[in-house]
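Could you walk me through this protein model in plain language? I'd like a short report I can read with the structure open beside me.

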Amino acid sequence: MTSPTSCALCQARATQVCAACRNVVYCSREHQKEHWKQHKSQCKCYEMDTNQLLGRHLRATRDIRMGEQIMREAPLVLGPKVASPPICLGCHRNLLPPAKRSDNFYKCSSCSWPLCGKECEQSPYHRDECRLMAASNFQSKINYNPVEPELKESAYCVIMLLRCMQLKQSNPAAFAKLSALEDHLKERLDTPLYQVLRANLITFIKTVLGQRDWPEMEILRLAAILDTNAFEVRQNSERRKVRAIFPGGAMIAHDCVPNLRHRFDDDMNIVFLAKRKIAKGEILSISYTQPLRSTIQRRLHLKQVKCFDCACARCSDPTELEIYAGSRMCEKCKVGKFVSVNPLQNAANWKCQVCNIVKGAREVLTQDAKLQQEIESLDKSTPAALEDFLYRHRIELHETNTHILQAKYALTQLYGSAPGFSMEELSEKSLQRKIDLCEELLQLSNLIDSGWSIFRGNLLIDLEEAIVTKALRLDDATECEAKLKQAVELLQEIANIMKHEPEMQQLLAERKVILDAALERFTTAVE
Ligand SMILES: C[S@@+](CC[C@H](N)C(=O)[O-])C[C@H]1O[C@@H](n2cnc3c(N)ncnc32)[C@H](O)[C@@H]1O
């Protein structure tokens, strides 16, 4: 296809191109502005494509720069997660404890679901479900629980489903968009979760809430659409953790080493950014799972939650891009690592790369599950238990095994923040430990979450703080200067990675003040 050469508005010879999509050209800035209303809906740097493996997905229609924002979309439907600590159904903020332990939350005057206050009773999110509950004489029984205020209430599981169902009447166009999404209902129907849904939730909706006209399979299909496509929307500063459907964002495929990342703005719109340069024609991807997990763990999670077998480059490589996250050291030769003979076949044997002895998949899975359970049960309030875990497993697990990586990542967070381990309190040894762990994981981030990832950004923030702390403790002026210079470079990279994260801006400004003060102190000291 040849590029257009005449102005999209007046057909005169064009001199400038729309920088966002690079698909249309203009003779002047005025004509570009005038044409914007018409062009807006087509101004995209991606298009929808379909193939057998991924189904529908998005593909770049031009080269995309690192850090470029490529899509912003409002939620089509939004509501509580399947199980949630008490939240307000009007504004979706986690509810604050009442003033007195003996008091309860504010309750909606019609349906008794807890809310922030009277003003949230009229929220457009809550109105329709409230009417339905009140008409069926259903009253929520969620109360403030002073013993376990954060306890997740499973009663919330009905809300999002009801909101989807109510779209059919209130907004048929939105309901049509929702219904066009993938569901994997066939695969989900026999799972224990869907059996429980059928037995409890569907019965509740049909009999208690009087939705008898809705066929069971139609309600289950909506539940399956939510499970396949919903994003978790997190706004920590607003105390919000809910789920939402974004039909455009739902078209983005998964890759274990994705090229996009996403965040949410103040209005709970989803925003996708390019983590790295993306070439024209490349498939756009996000990760539906966690990068520190091993191939078996990631594939199992994707299969259970999203019903597909991932066959991305990382999953297909027995060495997992040289990370060997799922491998253990060979018990026999002690120098080789076990790798799967076919990582895309869960039942395939594992073989030592050096002495070639073989282990069955079942044994590998059992060992892996045991270790995962062990690490999840550790006390993560201080570094001791995690350090002990690393020490105890230092022979059978190598440096980049998933369990070791998870423990190391948790340690980077604890050194500098856990009680008794604040930055000022850290011993020289612990401070250096934090620096070493951050540097090690940063190297790894180039392989498993490359480019401007949040994983990399968070590690850089931790490293920068530790480096400045270290610099200020040094007596040697040359060493101190070198460390402060390193911190300046780190802060620059952090600013680039986090420039689209409003919640990070205050922290960055504070880090800059601290670093500038450290540089000034250093300059004054050497003068
Ligand atoms: C959020 S939807 C993405 C849009 C979907 N492809 C469609 O046609 O509606 C998630 C589903 O897309 C498919 N999918 C996404 N990434 C995939 C991948 N890397 N390999 C195989 N299937 C994938 C799976 O069926 C998955 O359950």
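Here is a short tour, in four stops, of this predicted model.

## The annotated stretch

Let's begin with what a record says. An unreviewed UniProt entry carries the annotation "domain: SET" for residues 43–289. Over residues 43–289, the chain is 28% helix and 20% strand. The C-alpha atoms at the two ends of that stretch sit 30 Å apart.

## Around the ligand

Now find the ligand. It has 20 residues around it, and the closest are Gly 55, Arg 56, Glu 182, Ala 253 and His 254. Three elements give two or more residues to this shell: β4 (55–60), α7 (216–229) and β11 (253–254). The largest share is that of β4, with three residues.

What kinds of residues make up the shell around the ligand, by class? There are 10 nonpolar residues, along with six polar and four charged ones.

## Strands and a buried loop residue

Next, look at β10 (residues 240–245), which pairs with β6 (residues 77–79) through three bridges, the two strands running antiparallel. Strand β9 (residues 231–235) is also antiparallel to β10, and five bridges join them. Check out Ala 244 in β10: Leu 78 stands opposite Ala 244, and Ala 244 is the bridge partner of Phe 231 as well. β9 and β10 form a hairpin with four residues between them, and Arg 239 in the turn has a positive phi of about 55°.

Leu 76 belongs to the loop between β5 (69–73) and β6. Is Leu 76 buried or exposed? Leu 76 counts as buried because it has 22 C-beta neighbours inside 10 Å, and the cut-off for buried is 20 or more. Leaving out residues up to four places away in sequence, Leu 76 touches Ala 174, Lys 177, Leu 178, Ile 245, Phe 246 and Pro 247. Ile 454 is 378 residues away from Leu 76 along the chain, and their C-alpha atoms are separated by 26 Å.

## Helix α12

Last stop: helix α12 (residues 402–414). It has 13 residues, so at 1.5 Å a residue it should span 18 Å, and its end C-alpha atoms are indeed 18 Å apart.

Which residues of α12 are buried? They are Thr 402, His 403, Ile 404, Leu 405, Gln 406, Ala 407, Lys 408, Leu 411 and Thr 412. What covers them includes α8 (295–306), α10 (361–377), α11 (384–392), α13 (428–448) and α14 (454–473). Just after α12, you'll meet Gly 416, which takes a positive phi of about 110°.

How values were computed
Residues are numbered from 1 along each chain as its sequence is written. This is a predicted model: local features need pLDDT of at least 70, side-chain atom pairs count only at pLDDT 80 or more; totals for chains, interfaces and linings use all residues. A residue is near a molecule or strand if its C-beta atom, placed from the backbone, lies within 6 Å of it. Ala, Val, Leu, Ile, Met, Phe, Trp, Tyr, Cys and Pro count as nonpolar, Asp, Glu, Lys and Arg as charged, and the others, Gly among them, as polar. Two strands pair if DSSP finds at least two bridges between them. A residue is buried if 20 or more other C-beta atoms lie within 10 Å of its own, exposed if 12 or fewer, and partly exposed in between; C-beta atoms are placed from the backbone. Two residues are in contact if their C-beta atoms, placed from the backbone, lie within 7 Å. UniProt positions are given in the numbering used here, feature names are shortened, and annotations may be inferred rather than shown by experiment. The expected span of a helix is 1.5 Å times one less than its number of residues.
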